[in-house]
Amino acid sequence: MIPITPRSLVLLALATAGPAAVPTSAPEPAAAVAPSAPAPRDAVRFNFTQTVANIEYAAVRLSHDRPAAVTKSPEVAGDAWYGAIMRRLPGEGPRQSAHYVPFMAVYSGGVATRAWCDVNYNGDLTDDPPVRLSAYPATTGARSFPTDLRWTAAAPSGDLPIDWTIRVVLEPPAADGSGPFFRVQRVHAMMGDVV
């Protein structure tokens, strides 16, 4: 099949009209047609409900080095590792970590046995109670703890209260002897339907 273009239509018209129809000058370009406005649509509504989703957004290796944000740690017997829950406030760039929430985990026999999280954001892990660790069924030897993080973010429309429930999963050390990973999950998410 031959593709039909405006030029091929002009040539076809000239060929079928005979020699008398051959123009002596170039044809005028076609006038531009303004696009029509989109047809109005019915309003679309969304219904959102909060549900347990466990959305994982980070997997990072724990470190023996105490982060600068931690001013004081509990004295423990065992293998202490540090990590941080990623949290940024409005206006902070992707490399800023001043508002990360640090935590410390103690490992014994390749399993996390105790942990502390700086939920009051003061850098002192000794004034935070130990978190409750639970087995994490998806990974043999992993432990996890939930923590609630609450703060107020400044927004152009006014202060915005933020309330996150986070699960930190503490993996066992790797078989090659390198440090364990931790994973961070947002427990709740807003799920919606188009109505």
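## Aromatic pairs

In this predicted model, a search of the whole structure finds four aromatic pairs. One of them is formed by Phe 103 and Phe 182, an edge-to-face arrangement with 5.0 Å centre to centre and 85° between the planes. Phe 103 belongs to strand S3 (residues 101-108) and Phe 182 to strand S8, so this pair ties together parts that are 79 residues apart in sequence. Phe 103 has 0% relative accessibility and counts as buried; Phe 182, at 2%, counts as buried as well. Ring pairs also bring in Phe 145, giving a cluster of Phe 103, Phe 145 and Phe 182.

Trp 151 and Trp 164 have ring centres 5.0 Å apart and planes at 80°, so this pair is edge-to-face. Trp 151 lies in strand S6 and Trp 164 in strand S7, so the contact ties together parts that are 13 residues apart in sequence. Trp 151 is buried, with a relative accessible area of 12%, and Trp 164 is buried at 17%. With a cut-off for burial of under 20% relative accessible area, the value of 17% places Trp 164 among the buried residues.

## Arg 87 over two rings

Arg 87 is placed over two aromatic rings. The charged end of Arg 87 sits over the ring of Tyr 121, 4.4 Å from the ring centre. Arg 87 also lies over the face of Trp 151, at 4.6 Å from the centre of that ring. Trp 151 thus appears both under Arg 87 and in the edge-to-face pair with Trp 164.

## Overall composition

The protein chain contains one helix and eight strands. From the N terminus on, its elements run α-β-β-β-β-β-β-β-β. Of the 195 residues in the protein chain, 28% are buried. The protein chain exposes about 13,200 Å², and carbon and sulfur atoms supply 58% of that area.

Among contacts in the protein chain with a separation of 6 or more, 52% are between residues 24 or more positions apart. The pair of Phe 103 and Phe 182 joins parts 79 residues apart in sequence.

## The five-stranded sheet

Five strands form an open sheet in the order S1-S8-S7-S6-S5, with antiparallel pairing. Strand S1 (46-61) and strand S5 (134-135) stand at the edges with a single partner strand each, so one side of each is left without a neighbour in the sheet.

Within this sheet, strand S6 (residues 143-155) is joined to S5 by two bridges, the strands running antiparallel; here Ala 135 stands opposite Arg 143 in S6. On its other side, S6 is joined to S7 by 13 bridges, again antiparallel. Ala 154 has Asp 159 in S7 as its bridge partner, and a hairpin of two residues joins S6 to S7. Strand S7 (residues 158-170) is in turn joined by five bridges to strand S8 (residues 181-194), which runs antiparallel to S7. In that pairing, Val 168 stands opposite Val 184 in S8.

## Gln 185 in strand S8

Gln 185 is located in strand S8 and is buried, with a relative accessible area of 3%. The side chain of Gln 185 makes a polar contact of 3.1 Å with the side chain of Glu 56.

Leaving aside neighbours within four places in sequence, Gln 185 is in contact with Asn 54, Ile 55, Glu 56, Tyr 57, Tyr 136, Thr 165, Ile 166, Arg 167 and Val 169. Strand S1 covers residues 46-61 and strand S7 covers residues 158-170; in the sheet order, S8 stands between S1 and S7.

## Strands S2, S3 and S4

Strand S3 pairs with two further strands. Seven bridges join strand S2 (residues 79-85) to S3, and the two run antiparallel; Tyr 82 stands opposite Met 104 in S3. S3 and strand S4 (residues 111-117) pair in the antiparallel sense over six bridges, with Ala 105 opposite Ala 115 in S4. The hairpin of S3 and S4 has two residues between the strands, and Gly 109 in this hairpin takes a positive phi near 65°.

S3 is mostly covered, with seven of its eight residues buried. Phe 103, at 0% relative accessibility, counts as buried, and its ring pairs with that of Phe 182 in strand S8.

Terms used:
Residues are numbered from 1 along each chain as its sequence is written. This is a predicted model: local features need pLDDT of at least 70, side-chain atom pairs count only at pLDDT 80 or more; totals for chains, interfaces and linings use all residues. Side-chain values use heavy atoms; hydrogens and water are left out. Two strands pair if DSSP finds at least two bridges between them. Helices (H or I, at least four residues) and strands (E, at least two) are DSSP runs, numbered from the N terminus. Buried means under 20% relative accessible area, exposed over 50%, partly exposed in between (1.4 Å probe, protein chains only). Contact means heavy atoms within 4.5 Å. Accessible areas come from the Shrake-Rupley method with a 1.4 Å probe; for residues, only the protein chains shown count as cover. Rings of Phe, Tyr and Trp (its six-membered ring) pair if their centres lie within 6.5 Å; planes under 30 degrees apart count as stacked, over 60 as edge-to-face and the rest as tilted. A charge sits over a ring if NZ of Lys or CZ of Arg is within 6 Å of the ring centre and within 35 degrees of the ring normal. A polar contact is a pair of N or O atoms within 3.5 Å; within protein, one must be able to donate a hydrogen and the other to accept it, and residues adjacent in sequence count only if both atoms are side-chain atoms.
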